[in-house]
Amino acid sequence: MKEMTRPTSICPKCGRKYTGHPALSRTDGETLICPDCGTREALDTLGITREEQDRIIEAIHRSFERPMLEII
């Protein structure tokens, strides 16, 4: 099976490199940003503080570090 690799992009909002699916910025509806900045923009609209956003994003990152369980 051929493994798919994603190109590395640089987020115009935070300047960090990322390889995941980009998010569409809510500010202009055109700019592609990193998934973390996309999550932050969504959480901002809900009035969630920066500190709580950090905890949420950290939890998201931790969930992707765990191996997926195979469901039989």
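## A walk through a small predicted fold

The side chains of Glu41 and Ser25 meet in a polar contact of 3.0 Å. That's a handy place to begin, but keep in mind that what you're looking at is a predicted model. Glu41 sits in helix H1. Is Glu41 buried or exposed? Its relative accessibility is 6%, so Glu41 counts as buried, since the cut-off for buried is under 20%. If you skip the neighbours within four places in sequence, Glu41 is in contact with Lys13, Ser25, Arg26, Thr27 and Ile33.

Let's step back and look at the whole chain. There are 2 helices and 4 strands, and reading along the sequence gives you the pattern β-β-β-β-α-α. The chain has 72 residues, and 18% of them count as buried. About 6,300 Å² of the chain is exposed, with carbon and sulfur atoms supplying 56% of that area. Now take the contacts between residues at least 6 apart in sequence: 7% of these join residues at least 24 apart.

Back to H1, which covers residues 35-45. Which residues of H1 are buried? They are Cys37, Gly38, Arg40, Glu41 and Leu43. And what covers them? The cover includes strand S3 (23-24), strand S4 (32-33) and H2. Just after H1 you'll meet Gly47, which takes a positive phi of about 80°.

Arg40 deserves a stop of its own. This residue of H1 has a relative accessible area of 16%, so Arg40 falls under the 20% cut-off and is buried. The side chain of Arg40 is joined to that of Asp54 by a polar contact of 2.6 Å. Beyond its neighbours within four places in sequence, Arg40 is in contact with Arg50, Gln53, Asp54 and Ile57. You can also check a distance here: the C-alpha atoms of Arg40 and Ile56 are 9.4 Å apart, and the two residues are separated by 16 places along the chain.

Follow Arg40's contact with Gln53 and you land in helix H2, where Gln53 lies. Gln53 has a relative accessibility of 2%, which means that Gln53 counts as buried. What does the side chain of Gln53 make a polar contact with? The partner is the side chain of Asp44, at 2.6 Å. Apart from residues within four places in sequence, Gln53 is in contact with Arg40, Leu43, Asp44 and Ile48.

Next, the nonpolar residues. In soluble globular proteins, nonpolar side chains tend to be buried together. Here, the largest nonpolar core has 6 residues: Cys11, Tyr18, Ala23, Ile33, Cys34 and Cys37. Pick out Cys34 and see what surrounds it. Not counting residues up to four places away in sequence, Cys34 touches Cys11, Cys14, Tyr18 and Ala23.

Cys34 turns up again when you look for empty space. Rolling a probe the size of a water molecule over the atoms shows where such space is left. The largest pocket holds about 530 Å³ of space. Which of its 21 lining residues are closest to the centre? Those are Cys34, Pro35, Asp36, Cys37 and His61. Strand S2 (17-18), H1 and helix H2 (50-65) each supply at least two residues of the lining.

Now for a couple of loops. Pro12 is placed in the loop between strand S1 (9-10) and S2. With a relative accessible area of 58%, Pro12 is above the cut-off of over 50%, so Pro12 is exposed. Even so, Pro12 has partners: leaving out residues up to four places away in sequence, Pro12 touches Thr31, Leu32 and Ile33. Pro12 and Cys37 are 25 residues apart in sequence, with 9.7 Å between their C-alpha atoms.

The other loop runs between S3 and S4, and that's where you'll find Asp28. Why does Asp28 count as partly exposed? Its relative accessibility is 40%, so Asp28 lies in between the 20% and 50% cut-offs. The side chain of Asp28 reaches the backbone nitrogen of Glu30 at 2.8 Å. That side chain also makes a polar contact of 2.5 Å with the side chain of Thr31. And Thr31, as you may remember, is one of the residues that Pro12 touches.

Terms used
Residues numbered from 1 in each chain as written. Predicted model: local features only at pLDDT ≥ 70, side-chain atom pairs only at ≥ 80, totals over all residues. Heavy atoms only, no water. Buried < 20%, exposed > 50% of the residue type's maximum accessible area, 1.4 Å probe, protein only. Contact = heavy atoms within 4.5 Å. Polar contact = N/O pair within 3.5 Å; in protein donor to acceptor, adjacent residues only side chain to side chain. Core = buried A, V, L, I, M, F, W, Y, C linked by side-chain atoms within 4.5 Å. Areas by Shrake-Rupley, 256 points an atom, 1.4 Å probe, with all protein chains shown as cover. 1 Å grid on protein atoms, 1.4 Å probe; cavity = no way out; pocket = protein on both sides within 12 Å on 5 of 7 lines; lining within 4 Å. Points joined across faces, edges and corners; volume = space filled by probe spheres on them.
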